[in-house]
Amino acid sequence: MDHRSAAGGGTAPPPLPTGNGTGTGTATATATGLGTGGFVFNAADEERRRGVRRMKATATGLLVLVALVYALAKWAQDTGAGPWAGYVAAAAEAGMVGALADWFAVTALFRRPLGLPIPHTAIIPTKKDQLGVSLGEFVGENFLSADVVKARLHALGIGGRLGAWLAEPAHADRVTAELAAALRGALTVLRDSDVQAVVGEAITRRAESAEIAPGMGKTLERVVADGGHHRAVDLLCAKAHDWLVTHGESVMDAVQGGAPGWTPRFVDRKIGDRVYKELLRFVTEMRDMPQHPARGAVDRFLTDFAADLQSDTETRAKVERLKSEILARGEVQEVIASAWTAIRSMILSAAEDEQSELRLRVRSSLISLGARLATDGRLQDKLEGWIEGAVVYVVTTYRTEVTSLITDTVAGWDAEHTSRKIEAHIGRDLQFIRINGTVVGALAGLLIYSVSRAFGA
């Protein structure tokens, strides 16, 4: 049965294109969406259209049947067959009226009945854009309002359900794996040169903006107060003693080399030997005597230096100048920039290893968070409040864009194909209206005729 109503309906829309003309069928051509106003007519749609055609044939067949019954009943009535013929004729006549009226109503939704320019027909093709606007307004008012969204989200109980879900180790493993995959993807997309430049600039800017002298002074002050520097002094004294023992000849040669040329060699030798022994004695005593005066001098120097780092303007300025000079050196900048390479490699390795400390800690944190969410009502309320606030903000901010998307999309549809698509989905049910109209009309006609006869009309 074609797209004209079997009762003599309006002009049918042209058939779907058949692709390359080789008989590959409608599904191939329409699967691409070409020539269908943005719609894709797939195999399911074709099956629906066949169902609509079958129901149209059924409804039209019922109309033909009641018309035939009407004709036979009228003939029987005219030949004096008896009172029953009048009842049958009245029922059949009303059935035809009901069938034709409902055929007109159903057809008028999608096309002009009999092709006639009757007002308020072909409603879907002619009112498509207005329907799109109305649909957009309806969605915006009834689905994208702040109250509706908040009520729906609150009813879902997202906090408790999410907590119970995350508390399952298998689910925590899944989320951890997804996070690791996302992290690897992000690190793969990022260009090392760009990140290195950003990291280097951030570190340098941070280091330049922060004055380090007071912090160094406080740290040094605590170290000296706790005696932590004594180990360093012990180490230096021990290393100096060992070096002097090993390089005694070098020390004496250096002393002799600095003597005037007119002094005798044996005098230079004795002076060098004397200097070396005094130096070795001094270092040995300083190494072995915790209360050595030189150690006290070191303590006083470090204490005074720590105080100057915190309060002396000149000392602090010198430290800042030294810091700036060090940061400006190319080697230092290269080290800072290359830090990203090491960090990136470490993160990638940890993300890929299921037993890495990073993934194990993330998994443990997710399970712990899930357990808290599942039982802590205050935490659930807080999380749900955040989610509701974020969703409501997005909905209220971009509601116009969403509704305009619906309106613009509907406006861009081809009117004819819109009708065909909608008819394919609801046309079969609409044909039941025609069938019901035929049956109800016949019953109503029979009732009216019976009442009329009963009151002698």
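At 29% relative accessibility, I422 counts as partly exposed in this predicted model, because partly exposed covers values between 20% and 50%. I422 belongs to helix α19, which spans residues 415-454. Outside its neighbours within four places in sequence, I422 is in contact with F110, I124 and G427. The pairing with I124 bridges a long stretch of chain: 298 residues separate I422 and I124 in sequence. In space, their C-alpha atoms are 8.9 Å apart.

E208 offers a second case of a contact across the sequence. This residue lies in helix α9, residues 192-209. E208 has a relative accessibility of 47% and counts as partly exposed. With neighbours within four places in sequence set aside, E208 is in contact with K323 and L327. E208 and L327 stand 119 residues apart along the chain. The distance between the C-alpha atoms of E208 and L327 is 8.3 Å.

The chain as a whole can be described next. Its secondary structure consists of 19 helices and zero strands. The chain has 457 residues, and 30% of them are buried. Contacts between residues at least 6 apart in sequence were also examined. Of these, 71% join residues at least 24 apart. The accessible surface of the chain is about 27900 Å². Carbon and sulfur atoms account for 63% of that surface.

Confidence varies along the chain. The average pLDDT is 80, and 88% of the residues score at least 70. Helix α17 has the highest confidence, at 90. Confidence is lowest in helix α1, residues 26-30, with a mean of 39. Over residues 1-36, pLDDT stays under 50. The model has 75 contacts beyond four places in sequence for residues 1-36. Where pLDDT is low, the predicted coordinates should not be read in detail.

The packing of helices α17 and α18 was then considered. Two packed helices are described by the angle between their axes and the distance between the axes. Helix α17 covers residues 357-375, and helix α18 covers residues 377-412. These two helices pack at an angle of about 100°, with their axes 6 Å apart. Helices α17 and α18 are therefore roughly perpendicular to each other, since angles of 65 to 115 degrees count as roughly perpendicular. On the α17 side, the contact is made by L369, R372, L373, A374 and T375. On the α18 side, G377, L379, Q380 and L383 take part. The residues of this contact divide into five nonpolar, three polar and one charged.

The loop between α3 and α4 holds two further residues of note. Helix α3 covers residues 84-110, and helix α4 covers residues 123-126. P119 sits in the loop between these helices. P119 has a relative accessible area of 61% and is therefore exposed, since exposed means over 50%. The C-alpha atoms of P119 and A108 are 9.6 Å apart. Along the chain, P119 and A108 are separated by 11 residues. L114 is also placed in the loop between α3 and α4. The phi angle of L114 is near 60°, a positive value in a residue other than glycine.

Key: Residues numbered from 1 in each chain as written. Predicted model: local features only at pLDDT ≥ 70, side-chain atom pairs only at ≥ 80, totals over all residues. Heavy atoms only, no water. Axes fitted to C-alpha atoms, helices over the stretch in contact; angles between N-to-C directions. Helix = DSSP H or I, 4+ residues; strand = E, 2+ residues; numbered from the N terminus. Parallel < 35°, antiparallel > 145°, perpendicular 65-115°, else oblique. Contact = heavy atoms within 4.5 Å. Nonpolar A, V, L, I, M, F, W, Y, C, P; charged D, E, K, R; others polar. Buried < 20%, exposed > 50% of the residue type's maximum accessible area, 1.4 Å probe, protein only. Areas by Shrake-Rupley, 256 points an atom, 1.4 Å probe, with all protein chains shown as cover. pLDDT = per-residue confidence, 0-100.
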